[in-house]
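Student: I want to check the labels on this model one by one. Can we go through the cysteines and the aromatic rings?

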2 protein chains.
Amino acid sequence: MGRLMTLIIDCHGHFTTEPQYHHDYRKAQVAFAEGKGARPEYPGIPNEELSEIIAANQLKMQQERGSDVTIISPRASGMGHHVGDADVAGEWARVSNDNIKRIFDMYPENFAGVCQLPQTVEGDLAPVIAELERCVDEGFVGCNLNPDPSGGKWSAPPIYDPWWDPLWQAMVRLDVPAMIHVSGSCERCLHTTGAHYINGDTAVFMQLIQGDLFERHPDLRLIIPHGGGAAPYHWGRYRGLSMMLGKPTLAEHLMGNLYFDTCVYHQAGIETLFKVVDRKNILFGSELLGAVKATDPETGHPFDDTKRYIDKLPLDEATRHAVFEGNARRVYPKLDARLKSQDR
Amino acid sequence: MGRLMTLIIDCHGHFTTEPQYHHDYRKAQVAFAEGKGARPEYPGIPNEELSEIIAANQLKMQQERGSDVTIISPRASGMGHHVGDADVAGEWARVSNDNIKRIFDMYPENFAGVCQLPQTVEGDLAPVIAELERCVDEGFVGCNLNPDPSGGKWSAPPIYDPWWDPLWQAMVRLDVPAMIHVSGSCERCLHTTGAHYINGDTAVFMQLIQGDLFERHPDLRLIIPHGGGAAPYHWGRYRGLSMMLGKPTLAEHLMGNLYFDTCVYHQAGIETLFKVVDRKNILFGSELLGAVKATDPETGHPFDDTKRYIDKLPLDEATRHAVFEGNARRVYPKLDARLKSQDR
């Protein structure tokens, strides 16, 4: 038997190379939401420009770094669910998601899409579910769910609260997973990508321990990005706290439904992740192009070129296949179907 | 040359075995602060009872686990800086600190003291500094500083803000360090010991990257507990973010003044900490008796018996000595003086 052919699927990519007029539109929209200006109209990114932006950035880096497919979603820090009402959030999600759809339609072999949800602090889930349905209908394979639409104030109920159930039911019905991903921080004390992101991951992991979300929704699948926040480093703490709360083991309670990506930007961190977390729960991801765009002077390679760290681990072929391809196909069945329709 | 004799100094212990009437007093004090009752009087813990409680718990576990000296402070989750005004916070800190002083006076070879500060959401630092001065005068060797007296709302300025300067100046003048330690969470989404503690550590680490605190206060020493929150696991992320912010390396910018304890409750986590962080920045700690009071069924030992994990590492004698004793003497000069006065 030869080596298994493995597709390299990056589950965590963002469209973070938007042209300036896209940001200008959002700025005007935020002003409108704050009663400070007229409602702007989205200018749209011409086909040729969008295609060139992707070719020069995400696609180029995909090829340089040796991955095959990137699951791409709108800029996470830009979702800004704390801004405006359902109307504004809905329009912002729609134009952002439409760009993603155009990207995965332009480069169908290189990208699959994950959508932004029009969440608000106010919190009505009906328009959120409607946008999810629209996007799945358009070919998206999952969504990004913000557990804290208030941007650091944690004003929404914890994700084990039945308040969220209609959304989980829609996700299960549509057979799509969610990546749990906060957006920009509104708190001066909480740096967006250095504190709020990682803290959001950690907070949700603990919420999942406290609750019974997967007992109530056994077919739900969630991904906690950034290597699971602080969870793998503090795995013993979480195992102990689970026992103190009278919960089943993490393996029984959570790890049938919960996945971590590999957005951890150094060798020792990736080693911890693989030492602590079962291979069936790890999905390759790099945030491309994401939070940390710098080259590590110690290695000469970009911090977020996470495939290099994984390639250095002494993984058996089955583990490598699971982390780079198999798990993603299982967690995102619509991605699997899309790949199969391409004879991959 | 034989082995260096090494004292085992645990930098992170709490008096978490208070009698019920201590908790009842606090409950009445909180009610008073909320305008719901009369001002209670602290009942005091009789000498014999306090001595027995410590002998049966902290001292017993110290001996069982093979440590020599524990730096003990009041229960961290009980500090409750979000409750009441400076008057209430001051009284609560005083009675809590007085218990700690009695413990380290009763068992001078086994304990040293770290004090609780009477911080408030309102934030006046004058009474905080006064209580710190009183405690250092009474023989305390450091303090616990809450970077978020609001209990999850992060309403205080980030710790690099000059607003905090009078406190840093007092600490430098008194030659005592602070352990950065949040208290109980007021947010339903943020579990106190599973999310708020770790997130507080992570948030402050990122604040330190953003600011220039140690450039402005070169003699200040801070300890981030719980193994540095998520920082060591995400060391590459923080190195990259530092570069993007145009800051010096972590080693230059922070690690001359910043220390992490070893309150990480599994072997793989401790290994990460020692792989990533220089030995001069690691202080042995166990939270005894702390957040996780359970026995790991996989090892048959308590999760928080962190000395076992360290003992399993292939450390050279100089590293072992630094982590268990030398660093603590350097970071807490008043502990060093206390030990020397005991011919240790």
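**Cysteines and aromatic pairs**

Tutor: This is a predicted model. A search of the whole structure finds zero disulfides over all chains. Take C189(B): the nearest cysteine sulfur, in C186(B), is 13 Å away, and C189(B) is in no disulfide.

Student: How do you know that C263(B) is not bonded to C11(B)?

Tutor: The closest cysteine sulfur to that of C263(B) is in C11(B), at 6.6 Å. A disulfide needs the sulfurs within 2.5 Å. So the distance is too far for a bond.

Student: Why is C263(B) called buried?

Tutor: Buried means under 20% relative accessible area. C263(B) has 0%, so the label applies. C189(B), at 1%, is buried too.

Student: What about the rings?

Tutor: The search finds 22 aromatic pairs over all chains.

Student: What makes the pair W163(A) and W164(A) edge-to-face?

Tutor: Their ring centres are 4.9 Å apart, and pairing requires 6.5 Å or less. Their planes meet at 85°, and over 60 counts as edge-to-face, so the name fits. W164(A) is buried at 1%. W163(A) has 34%, between the 20% and 50% cut-offs, so W163(A) is partly exposed.

Student: Why is the pair Y25(B) and W92(B) called tilted?

Tutor: The angle between the planes is 35°. That is neither under 30 nor over 60, so the pair is tilted. The centres are 6.3 Å apart.

Student: Which parts of chain B does this pair tie together?

Tutor: Y25(B) lies in helix α1 and W92(B) in helix α4, so the pair links parts 67 residues apart in sequence. Y25(B) is buried at 3%, and W92(B) is buried at 6%.

How values were computed
Residues are numbered from 1 along each chain as its sequence is written. Chains are lettered from A and ligands numbered from 1 in the order in which they are written. This is a predicted model: local features need pLDDT of at least 70, side-chain atom pairs count only at pLDDT 80 or more; totals for chains, interfaces and linings use all residues. Side-chain values use heavy atoms; hydrogens and water are left out. Buried means under 20% relative accessible area, exposed over 50%, partly exposed in between (1.4 Å probe, protein chains only). Rings of Phe, Tyr and Trp (its six-membered ring) pair if their centres lie within 6.5 Å; planes under 30 degrees apart count as stacked, over 60 as edge-to-face and the rest as tilted. Helices (H or I, at least four residues) and strands (E, at least two) are DSSP runs, numbered from the N terminus.
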